Amino acid sequence: MPIEQARFGTLGIGSGGDFRIRFERELAHPLDRVWNALVDPGKLRVWMPGCVIEPYVGGRVHYDFGDEGAATGVVTRLEAPGERGLLEHTWVWPGVPDSAVLWQLAPAVAGTTLTLTHRELVAEPARDFAIGWHLILDTLERYAAGLEWEDVWDGYEEISAGYASRTVG
């Protein structure tokens with residue numbers, strides 16, 4: 001079954017002139033459920049093993065991707081949901097310049113609009129990062145729905161092919 005084009009992120013130059021990856025997903029879940037999946041260490045550990053986001057400004061960030069490597073960072077902004085929720089952290093990946101990741105949550109008619117922007121990137125690793133974020137967002141969505149998510153990564157090849165045809169730059 002082909003993946004909906006709307007689920008793919010965009011890669012390119014953002015309004016600030018920096019290279020970025022951007023996803024916008026409509027999730028059929030309440031904002032507080034999505035927010036808690038991101039910032040509650042117990043919940044995050046379930047759907048994204050090896051990931052730590054300490055939910056306070058200055059908190060440690062660590063994404064462990066096993067043999068693929070690990071990203072680290074620090075939480076730079078955190079706004080608990082009222083009308084929206086916002087989590088921003090740095091992204092330090094060996095061999096590439098440091099960048100930033102911004103998670104924004106806003107209420108939507110059917111649940112939550114989640115916008116993820118990874119900015120201040122260089123184009124070279126962007127496709128690989130986009131594939132990873134795509135799969136992470138798919139996992140988060142399934143977790144929030146109470147569905148199994150272990151097979152999400154089975155779609156890696158199809159998702160990778162979808163990003164291979166996307167223009168970078």
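The following exercises, each with a worked solution, concern a predicted model.

Because the model is predicted, local features are taken only at pLDDT of at least 70 and side-chain atom pairs only at pLDDT 80 or more, while totals for chains, interfaces and linings use all residues. Residues are numbered from 1 along each chain as its sequence is written, and side-chain values use heavy atoms, with hydrogens and water left out.

**Exercise 1. Overall fold**

Determine how many helices and strands the protein has, and in what order the elements run.

Solution. Begin with the assignment, in which helices (H or I, at least four residues) and strands (E, at least two) are DSSP runs, numbered from the N terminus. Counting these runs gives 4 helices and 8 strands. Read from the N terminus on, the order is β-β-α-α-β-β-β-β-β-β-α-α. The radius of gyration, which is taken over C-alpha atoms, is 15 Å, close to the 15 Å of the globule rule (2.2 Å times the number of residues to the power 0.38) for 169 residues, so the protein is as compact as a globular protein of that length. Along the principal axes, the C-alpha atoms fill a box of roughly 40 × 35 × 35 Å. Next, consider burial, where buried means under 20% relative accessible area, exposed over 50%, and partly exposed in between (1.4 Å probe, protein chains only); buried residues make up 44% of the 169 residues. Finally, take contacts, defined as heavy atoms within 4.5 Å: among those between residues at least 6 apart in sequence, 50% join residues at least 24 apart.

**Exercise 2. Arg-25**

Establish whether Arg-25 is buried or exposed, and which polar partners its side chain has.

Solution. Arg-25 is found in strand β2 (residues 19-27). With a relative accessible area of 3%, Arg-25 is buried. To find its partners, apply the polar contact criterion: a pair of N or O atoms within 3.5 Å, of which, within protein, one must be able to donate a hydrogen and the other to accept it, residues adjacent in sequence counting only if both atoms are side-chain atoms. The side chains of Arg-25 and Asp-138 are joined by a polar contact of 2.7 Å, and a polar atom of the Arg-25 side chain lies 3.1 Å from the backbone oxygen of Arg-7. Leaving out residues up to four places away in sequence, the residues that Arg-25 touches include Thr-112, His-134 and Glu-141.

**Exercise 3. Glu-88 and His-118**

Identify the side chains with which Glu-88 and His-118 make polar contacts.

Solution. Take Glu-88 to start with, whose place is in strand β6 (residues 85-91). Glu-88 is buried, at a relative accessible area of 7%, and its side chain makes a polar contact of 2.4 Å with the side chain of Arg-119. Beyond four places in sequence, Glu-88 also touches residues including Val-74, Arg-77 and Leu-102. Turn then to His-118, which has its place in strand β8 and counts as buried at 0% relative accessibility. The side chain of His-118 makes polar contacts with the side chain of Ser-99 (2.7 Å) and with that of Trp-133 (2.9 Å). Setting aside neighbours within four places in sequence, Phe-19, Trp-91 and Phe-129 are among the other residues in contact with His-118.

**Exercise 4. A backbone angle**

State what is notable about phi of Glu-120, and where this residue lies.

Solution. Most residues other than glycine have a negative phi. Phi of Glu-120, however, is near 65 degrees, a positive value in a residue other than glycine. Glu-120 is found in strand β8 (residues 111-121) and is partly exposed, with a relative accessible area of 43%.

**Exercise 5. The largest pocket**

Describe the lining of the largest pocket by location and by residue class.

Solution. On a 1 Å grid over the protein atoms alone, a pocket is an open set of points where a 1.4 Å probe fits, with protein on both sides within 12 Å along at least five of seven lines, and lining residues have an atom within 4 Å of a point. About 400 Å³ of space lies in the largest pocket, a volume being the space filled by probe spheres set on the points, which are joined across faces, edges and corners. Its lining has 13 residues, of which Phe-65, Glu-68, Trp-93, Asp-128 and Gly-132 lie nearest the centre. Helix α3 (residues 126-145) supplies the largest share, 6 residues. By class, the lining divides into 10 nonpolar, 1 polar and 2 charged residues, where Ala, Val, Leu, Ile, Met, Phe, Trp, Tyr, Cys and Pro count as nonpolar, Asp, Glu, Lys and Arg as charged, and the others, Gly among them, as polar.
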